[in-house]
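Got the viewer open and a hand on the mouse? Let's take a walk through this one, stop by stop.

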Amino acid sequence: MRRLTCIPLCLCLSIPSGSLPALAGPPETPESEDPEPEPEDPDMTRAKEFFDSGVARYTASDYGAAVDFWLAAYALIPPTFENRLVKAELIYNIARAQQKWFEIDKDIKHLRQARDSLGRYLDEVDDLYPPEQVTLERQKVEEQIAELDQSIAEAEAEAARREAELAERMRPTFDEKADARERKRNNSMIGSGAALTVVGLGAVAMLVSGIAIAGQAERAVQNLPLAADIDERQRQVGKGSAGNALILLGSFAGGIFLVAGLPLLGVGLVAEGKRKQRRRAAGVEAAAPMFLPSGAGLMVGGRF
């Protein structure tokens, strides 16, 4: 990654006294004179303390704390021509610390914050430098911003590559053999459940037919005279007995086959749906809904 090279960071940095007039000592005067010492600016005193604290934290590789101290110092120093070197030194130190911080945790926000700091400094260049120096200083800062833009773009591309690589590694591997076994098992359940359900529905139809036959025979017997047409009465009684047998057989078979077939069919359909969903999630097959001219429906098939 390219580095800020405009002003190198020195770990034994101190703010030049010429750059901070308020921190400089009183001018030399003859011993006979005893002028009153010029009072120090409290903000400039605090700025120097923040600056020194930032250097100490940078030395200890605590780049976050170093950035905070230097930002606090930068905010306290007025944007004047006398302070131009100090503010420039601070802003480049801040950007450099953000880059070092990025090297540790690879968080792109540090590079963006470094760029923002240089951008704010660029807004003050016109106030810090005389007209004949503004162009040169702006060009220097803009070059550093362009380098950071390139570093940010490279870091974002690398982060996207790592995310794609991680997503690919996290993608579950698809076992075709296990999928085939599951498909066979699901189809077997669906086929068996469908067959049992069909038989159960047939038994229910038998039950309904028996009820109808028995009811019809009972009504016919009631309408026949007791002493007349004995043969017809016996025929209707036999018909009613057959209807009752159908009722018993239909209720028994329907209960057994439906109770066994419907759950088996439901479990098989749900399992097969999940299997297909896993195939789509793994990218093995895409969803392909079927549209019929007469509408949509569920088709169930099986082999016996």
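Start with the contacts across the whole chain: among those with a separation of 6 or more, 73% link residues 24 or more positions apart. Keep in mind that what you are looking at is a predicted model.

Now switch to a cartoon view. You'll see 7 helices and 0 strands, so don't go hunting for a sheet, given how helices and strands are assigned here. Read from the N terminus, the elements go α-α-α-α-α-α-α. Next, turn on the surface. The chain exposes about 19,000 Å², and carbon and sulfur atoms supply 58% of that. Of the 304 residues in the chain, 31% are buried.

**Stop one: the largest nonpolar core**

Select Trp70, Leu90, Leu118 and Tyr121 and show their side chains. Within the largest nonpolar core, which has 39 residues, these four touch the most other members. Which elements give two or more residues to this core? Colour α1 (42-59), α2 (63-76), α3 (84-105), α4 (108-128) and α5 (131-170), and you have them. The largest share, 9 residues, comes from α3.

Stay on Leu90 for a moment and show what surrounds it. Setting aside neighbours within four places in sequence, Leu90 is in contact with Phe51, Trp70, Ala73, Tyr74 and Ile77.

**Stop two: α1 against α2**

A quick thought before you zoom in: two packed helices are described by the angle between their axes and the distance between the axes. Select α1 and α2, whose axes lie 8 Å apart at an angle of about 160 degrees. Are they roughly parallel or roughly antiparallel? Roughly antiparallel, because an angle over 145 degrees counts that way. Their crossing is left-handed. To see where they meet, show side chains on both: the α1 residues in the contact include Phe50, Phe51, Gly54 and Tyr58, while the α2 residues include Tyr63, Phe69, Trp70 and Ala73.

Now click on the loop between α1 and α2 and find Ser61. Most residues other than glycine have a negative phi. Ser61 is not a glycine, yet its phi is positive, near 65 degrees. Ser61 is partly exposed, with a relative accessible area of 42%.

**Stop three: α2 against α3**

Keep α2 on screen and add α3. The axes of α2 and α3 come within 9 Å and cross at roughly 160 degrees. That makes this pair roughly antiparallel, and α2 passes α3 in a left-handed crossing. Among the α2 residues at this meeting are Gly64, Val67, Trp70, Leu71 and Tyr74, and facing them in α3 are residues including Leu90, Ile91, Ile94, Ala97 and Trp101. You've met Trp70 before: it is one of the residues that α2 brings to its contact with α1.

Move along to the loop between α3 and α4, where you'll find Lys106. Lys106 has a positive phi of about 60 degrees, although it is not a glycine. Lys106 is partly exposed, with a relative accessible area of 46%.

**Stop four: α3 against α5**

Swap α2 for α5. How far apart are the axes of α3 and α5? They are 13 Å apart, and the two helices pack at an angle of about 10 degrees. This pair is therefore roughly parallel, as angles under 35 degrees count that way. Arg84, Tyr92, Gln99 and Phe102 make the contact from the α3 side. From α5, look for Gln133, Glu137, Lys140, Val141, Gln144, Leu148 and Ala155.

**Last stop: two glutamates**

Jump to Glu272 in helix α7 (residues 230-281), then to Glu182 in helix α6 (residues 176-222). The two sit 90 residues apart along the chain, but their C-alpha atoms are separated by 8.1 Å. Buried or exposed, Glu272? Glu272 is buried, with a relative accessible area of 9%. Glu182 is buried too, at 15%.

Finish by showing who touches whom. Not counting residues up to four places away in sequence, Glu272 touches Arg183, Asn186, Asn187 and Ile190. With neighbours within four places again left aside, Glu182 is in contact with Ala271, Arg275 and Arg278.

Note on methods:
Residues numbered from 1 in each chain as written. Predicted model: local features only at pLDDT ≥ 70, side-chain atom pairs only at ≥ 80, totals over all residues. Heavy atoms only, no water. Helix = DSSP H or I, 4+ residues; strand = E, 2+ residues; numbered from the N terminus. Buried < 20%, exposed > 50% of the residue type's maximum accessible area, 1.4 Å probe, protein only. Contact = heavy atoms within 4.5 Å. Areas by Shrake-Rupley, 256 points an atom, 1.4 Å probe, with all protein chains shown as cover. Core = buried A, V, L, I, M, F, W, Y, C linked by side-chain atoms within 4.5 Å. Axes fitted to C-alpha atoms, helices over the stretch in contact; angles between N-to-C directions. Parallel < 35°, antiparallel > 145°, perpendicular 65-115°, else oblique. Left-handed = near helix turned anticlockwise from the far one by under 90°.
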